[in-house]
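Reader: I am new to this structure and should be grateful for guidance on how to read its features. May we proceed step by step?

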Amino acid sequence: MAELQPNFTGPIVKYSMSRLEKAIVSMVEVFEGYATKDDKNRQLSGTELAELMKKELASPEFHGKVEPAVLQEAMTNLDKNHDGEINFREFSMFLATLARGYYRARNKGKGNKGKPDKPE
Ligand SMILES: [Ca+2]
Ligand SMILES: [Ca+2]
């Protein structure tokens, strides 16, 4: 069936999500998966956050890349509006901080020689 070939460029290609789209869907699904464990299903409580961290951010592979200081900083600044819970906006900023830390660690010592490390 010609229309199912991988290099077909018509609208049917939209049936499979790109890596980036999958990453975005995963972010939302992970948040929802933990935030809905109690009555406030649009907020992560301390308990829900602890469980998420334990199950979703525990692999040695990831921790080998992200410096403990970056993780600590991300945790400290999580609750931006100081209401004791983490909403999706706060969670997405947390993930962005982790992604930047991971990106920096991955690219440490590679390229950009002579250019100072500027904070974004
Ligand atoms: Ca909740
Ligand atoms: Ca909050």
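The dialogue below takes the features in turn.

Author: Please keep in mind throughout that this is a predicted model.

Reader: Which elements does the chain contain, and in what order do they run from the N terminus on?

Author: A first reading lists helices and strands. Here the chain has 5 helices and 0 strands, and the order is accordingly α-α-α-α-α.

Reader: What does UniProt list for residues 66–101?

Author: A record may attach a name to a span. For this span, an unreviewed UniProt entry gives "domain: EF-hand". In the model, residues 66–101 are 64% helix and 0% strand, and the C-alpha atoms at the two ends of the span are 6 Å apart.

Reader: How much of the chain is buried?

Author: Burial is judged by counting neighbours: a residue is buried if 20 or more other C-beta atoms lie within 10 Å of its own. Of the 120 residues in the chain, 9% are buried.

Reader: Which residues form the largest nonpolar core?

Author: That core consists of 8 residues, namely F31, Y34, A35, L44, L49, I86, F91 and F94. Two elements, α1 (19–35) and α5 (88–106), each give two or more residues to this core. The greatest share comes from α1, which gives 3 residues.

Reader: Which residues does Y34 touch, leaving aside those up to four places away in sequence?

Author: Contacts show what surrounds a residue in space. Y34, a member of the core, touches L44, E48, E51 and L52.

Reader: What share of the contacts between residues at least 6 apart in sequence joins residues at least 24 apart?

Author: Such a share tells how contacts are spread over sequence distance. In this chain the share is 52%. A separate example of distance in sequence and in space is the pair F88 and V28: they are 60 residues apart in sequence, while their C-alpha atoms are 8.1 Å apart.

Reader: Where is F88 found, and why does F88 count as partly exposed?

Author: F88 belongs to helix α5. This residue counts as partly exposed because 15 C-beta neighbours lie inside 10 Å, a number between the limits of 12 or fewer for exposed and 20 or more for buried.

Reader: Where does H82 lie, and is H82 buried or exposed?

Author: H82 is in the loop between α4 (68–76) and α5. Because H82 has 6 C-beta neighbours inside 10 Å, this residue counts as exposed.

Reader: What is phi of H82?

Author: Phi is a backbone angle. For H82 phi is near 50°, a positive value in a residue other than glycine.

Technical notes:
Residues numbered from 1 in each chain as written. Chains lettered and ligands numbered in written order. Predicted model: local features only at pLDDT ≥ 70, side-chain atom pairs only at ≥ 80, totals over all residues. UniProt positions renumbered as here; feature names shortened; annotations may be inferred. Helix = DSSP H or I, 4+ residues; strand = E, 2+ residues; numbered from the N terminus. Core = buried A, V, L, I, M, F, W, Y, C linked by C-beta atoms within 7 Å. Contact = placed C-beta atoms within 7 Å.
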